[in-house]
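The following paragraphs go through selected side-chain pairings and one helix packing. Please keep the sequence and the structure in view while reading.

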Amino acid sequence: MPRTVGVDIGGTKVLGVALDCDAPEHGPLAEARRPTPRGAEALVATVAAVVGDVLEQVAPSGVAALGVGLPGLVDHDGVLRFGPNLPGIVDLDLEQALAINLDLPVVVDNDANCAAWAEHRLGAAAGRDHAVLVTLGTGIGAGLITDGRPFTGAHGMAGEPGHMIVDPGGPRCPCGRRGCWERYASGSGLGFLAREAALAGRADQVVALAGGDAEMVRGEHVTTAARRGDAEALAVMDSVGGWVAVGLATLVNSLDPEVVVLGGGLVTEVDLFLTPTRMAFGELVLASAHRPEVPIVAATTGERAGALGAALLAAERH
């Protein structure tokens with residue numbers, strides 16, 4: 001398989017890597033990143049610039065194709081139909097725009113699908129033909145592996161469990177609805193639960209880290225206080241772990257995977273919530289005592305997972 005470039009578009013950064021797909025286990029040949037801009041035209045230009053930055057590092061060998069992963073509903077034609085964490089961008093034919101701009105074959109897919117493929121090929125789901133990767137970041141995404149291949153559904157839009165409704169009266173989600181799973185179990189959900197605790201008169205150390213203003217509490221304030229042993233911050237982490245388990249149990253009940261892999265930015269704090277997640281998960285999975293155990297493990301390909309998976313998918317689909 002050829003050298004390819006993979007780009008992962010996140011809420012704050014656009015990360016690109018070049019990969020030798022004959023030896024992907026050796027890691028990226030080159031890497032570049034830029035801040036994620038607002039607006040469709042700026043996004044296309046930034047992705048093209050990141051690809052250019054990567055190509056400068058691998059010239060004159062060049063690359064054969066480009067893969068891009070981005071958050072939201074991406075159809076089989078590489079069109080971003082809706083991206084709740086990319087405000088104002090809908091129905092963007094990113095695949096065509098980049099192919100014209102860069103004169104390269106382009107494959108565009110959901111970012112969690114790309115990350116799941118990286119974990120299947122190189123990481124915690126290696127050797128597993130049925131796996132679920134759940135990315136806990138600003139929001140929640142998922143990539144599904146079935147029979148050793150990515151499963152994307154009839155229209156390419158499978159794997160959006162972050163928008164399962166777990167509390168119809170819950171907080172407003174960027175997707176426009178209320179009570180989505182990601183409002184409770186993501187990085188932004190951690191901040192929401194901490195602010196609720198702070199406004200109820202709890203989590204004094206967390207509020208102190210936020211400058212004394214409960215409305216300014218963010219997830220990083222909770223994790224800092226939790227690592228210092230603050231009981232109220234640890235209670236918030238326990239609550240997050242319980243909400244993570246709610247969604248994971250639904251996925252396992254629906255899909256029956258061999259393993260659940262947790263990725264995304266929040267996984268750096270996984271030691272603070274994995275124990276309560278596993279405990280609640282065992283109680284929520286249907287007939288857990290009568291079915292094979294489904295381990296919950298942390299992803300191992302790190303922040304490059306989406307970009308690595310996009311590069312691998314570009315090689316396979318090109």
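**Salt bridges and a helix pair**

Arg304 has a relative accessibility of 32% and counts as partly exposed. The model is a predicted one. Side chains of opposite charge can pair when their charged atoms come close. For Arg304 the partner is Glu31, and the closest N and O atoms of this salt bridge are 2.5 Å apart. Glu31 belongs to strand β3 (residues 30-35), while Arg304 sits in the loop between β13 (296-298) and α10 (305-317), so the pair ties together parts that are 273 residues apart in sequence. Glu31 is partly exposed too, at a relative accessible area of 24%. The pair does not stand alone: Lys13, Glu31, Arg33, Glu303 and Arg304 are linked in a network of salt bridges. Over the whole structure, the search finds 14 salt bridges.

Another of these bridges joins Glu316 and Arg121, with an N to O distance of 3.1 Å. Since Glu316 lies in helix α10 and Arg121 in helix α3 (residues 111-122), this pair ties together parts that are 195 residues apart in sequence. Glu316 is partly exposed, with 30% relative accessible area, and Arg121, at 29%, is also partly exposed.

A further salt bridge runs between Arg227 and Glu269, whose closest N and O atoms are 2.9 Å apart. It links distant parts of the chain, 42 residues apart: Arg227 is in helix α7, and Glu269 is in the loop between β12 (259-263) and α9 (274-284). Are the two residues buried or exposed? Arg227 counts as partly exposed because its relative accessibility is 45%, and a residue is called exposed only over 50%. Glu269, at 18% relative accessibility, counts as buried, the limit for that class being under 20%.

Arg227 leads to the helix pair, as this residue is in α7. Helix α7 (residues 219-227) packs against helix α8 (residues 231-255) at an angle of about 120°, and their axes are 8 Å apart. The two helices are therefore oblique to each other, since the angle falls outside the ranges for roughly parallel, perpendicular and antiparallel. The crossing of α7 past α8 is left-handed. Which residues of α7 and α8 meet? On the α7 side they are Val222, Thr223, Ala225 and Ala226, and on the α8 side Ala233, Leu234, Val236 and Met237. By class, the residues of this contact comprise seven nonpolar, one polar and no charged.

Notes
Residues are numbered from 1 along each chain as its sequence is written. This is a predicted model: local features need pLDDT of at least 70, side-chain atom pairs count only at pLDDT 80 or more; totals for chains, interfaces and linings use all residues. Side-chain values use heavy atoms; hydrogens and water are left out. Axes are lines fitted to C-alpha atoms, for helices over the stretch in contact, and angles run from 0 to 180 degrees between N-to-C directions. Helices (H or I, at least four residues) and strands (E, at least two) are DSSP runs, numbered from the N terminus. Angles under 35 degrees count as roughly parallel, over 145 as roughly antiparallel, 65 to 115 as roughly perpendicular and the rest as oblique. A crossing is left-handed if the near helix is turned anticlockwise from the far one by less than a right angle, and right-handed if clockwise. Contact means heavy atoms within 4.5 Å. Ala, Val, Leu, Ile, Met, Phe, Trp, Tyr, Cys and Pro count as nonpolar, Asp, Glu, Lys and Arg as charged, and the others, Gly among them, as polar. A salt bridge is a side-chain nitrogen of Lys or Arg within 4 Å of a carboxyl oxygen of Asp or Glu. Buried means under 20% relative accessible area, exposed over 50%, partly exposed in between (1.4 Å probe, protein chains only).
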